[in-house]
Amino acid sequence: MHDLLPKAAALGAALIARNETLAVAESSSGGLVSAALLSVPGASAYVLGSAVVYTATARSALLGIDDGAMAGVRSASEGYARLLARTVRARHGATWGLAETGAAGPIGNRYGDAAGHTCLAVSGPVELFATLKTGSADRVANMRAFAGGLLDLLGDALAEGR
């Protein structure tokens, strides 16, 4: 978690300076993104909410994404990450929506992705999407890498959206 905290602090300062907010939907990172962002004093100025969307039941209950919205969208894909980011942003009325979805390990997921695969999305004034593959089956290391990757992607979006 220590490697995530400096990133979260820098992002928090940038969001406060810009008077912008965010909401997070994460899966394989298990809440590490939210925990890092919320560890920063004053986080209530920019974090509007977050959810660990680990199952289809959670997706429906927490974000209101039904089977119809999932037509043609595969979980653990950039398209799904984009849908999550856009939805969490809209539901919270945030400037930015962040999303992560993948397979932390030690084995892959039922969609054929290997452990260490995740898709990341940032939706806001700028939209960015990425796929991260660590090549590792280490669940905890992957969770940290996924969270760090999403924080880095937000940093890229903030820099691009100046």
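This passage describes the sheet, the helix packing and several individual residues of a predicted model.

The sheet is built from 5 strands, arranged in the order β2-β1-β3-β4-β5, and it is open, with mixed pairing. The edge positions are taken by β2 (47-52) and β5 (128-133), each of which has a single partner strand, so that one side of each is left without a neighbour in the sheet. From one strand to the next, the twist averages 10 degrees.

Within this order, β1 and β3 pair in the parallel sense, over 5 bridges, and Leu22 stands opposite Trp96 of β3. The pairing of β3 with β4, by contrast, is antiparallel and comprises 7 bridges. Two of the positions in this pairing may be named: Gly97 has Ser123 of β4 as its bridge partner, and Gly102 stands opposite Thr118, also of β4. Strands β4 and β5 likewise run antiparallel, joined by 6 bridges, and they form a hairpin in which 4 residues lie between the two strands. In the pairing of β4 with β5, His117 is found opposite Lys133 of β5.

Strand β3 merits separate description. In a regular strand, side chains alternate between the two faces of the sheet. Trp96, Leu98, Glu100 and Gly102 point one way from β3, whereas Gly97, Ala99, Thr101 and Ala103 point the other way, and all of these residues are buried. Because 8 of the 8 residues of β3 are buried, the strand is largely enclosed by the rest of the structure. Helix α4 lies across β1, β2, β3, β4 and β5, and its direction makes an angle of about 145 degrees with β3.

Two residues outside β3 illustrate contacts made with this strand. Leu120 is located in strand β4, which spans residues 117-123, and it is buried, since its relative accessible area of 4% falls under the 20% limit. Apart from residues up to four places away in sequence, Leu120 touches Ala81, Ala99, Glu100, Leu128, Phe129, Ala130, Leu132, Phe146, Gly149, Leu150 and Leu153. The C-alpha atom of Leu120 is separated by 15 Å from that of Ala51, a residue 69 positions away along the chain. Ser27, in turn, is found in the loop between β1 and α2 (32-38), and with a relative accessibility of 8% it counts as buried. When neighbours within four places in sequence are left aside, the residues in contact with Ser27 are Val52, Val53, Tyr54, Glu100 and Thr101. Glu100 is thus listed among the contacts of Leu120 and also among those of Ser27.

The packing of two helices can be described in similar detail. Helix α3 (residues 56-63) packs against helix α4 (residues 78-92) at an angle of about 25 degrees, the two axes being 11 Å apart. Because this angle is under 35 degrees, α3 is roughly parallel to α4. On the α3 side the contact is made by Arg59, Leu62 and Leu63, and on the α4 side by Tyr80, Leu84, Thr87, Val88 and Arg91. Classified by residue type, the contact of α3 with α4 contains 5 nonpolar, 1 polar and 2 charged residues.

Finally, the backbone geometry at some loop positions is described. Most residues other than glycine have a negative phi, and most peptide bonds are trans. Asn19, which is not a glycine, nevertheless has a positive phi of about 55 degrees; this residue lies in the loop between α1 (4-18) and β1 (22-26). A positive phi, near 60 degrees, is also found at Ala76, again a residue other than glycine, and Ala76 is placed in the loop between α3 and α4. The surroundings of these two residues contrast, as Asn19 counts as exposed at 70% relative accessibility, whereas Ala76 counts as buried at 3%. The peptide bond that joins Gly105 and Pro106 is cis, with an omega of about 15 degrees, and Pro106 belongs to the loop between β3 (96-103) and β4.

Technical notes. Residues numbered from 1 in each chain as written. Predicted model: local features only at pLDDT ≥ 70, side-chain atom pairs only at ≥ 80, totals over all residues. Heavy atoms only, no water. Buried < 20%, exposed > 50% of the residue type's maximum accessible area, 1.4 Å probe, protein only. Contact = heavy atoms within 4.5 Å. Axes fitted to C-alpha atoms, helices over the stretch in contact; angles between N-to-C directions. Parallel < 35°, antiparallel > 145°, perpendicular 65-115°, else oblique. Nonpolar A, V, L, I, M, F, W, Y, C, P; charged D, E, K, R; others polar. Pairing = 2+ DSSP bridges.
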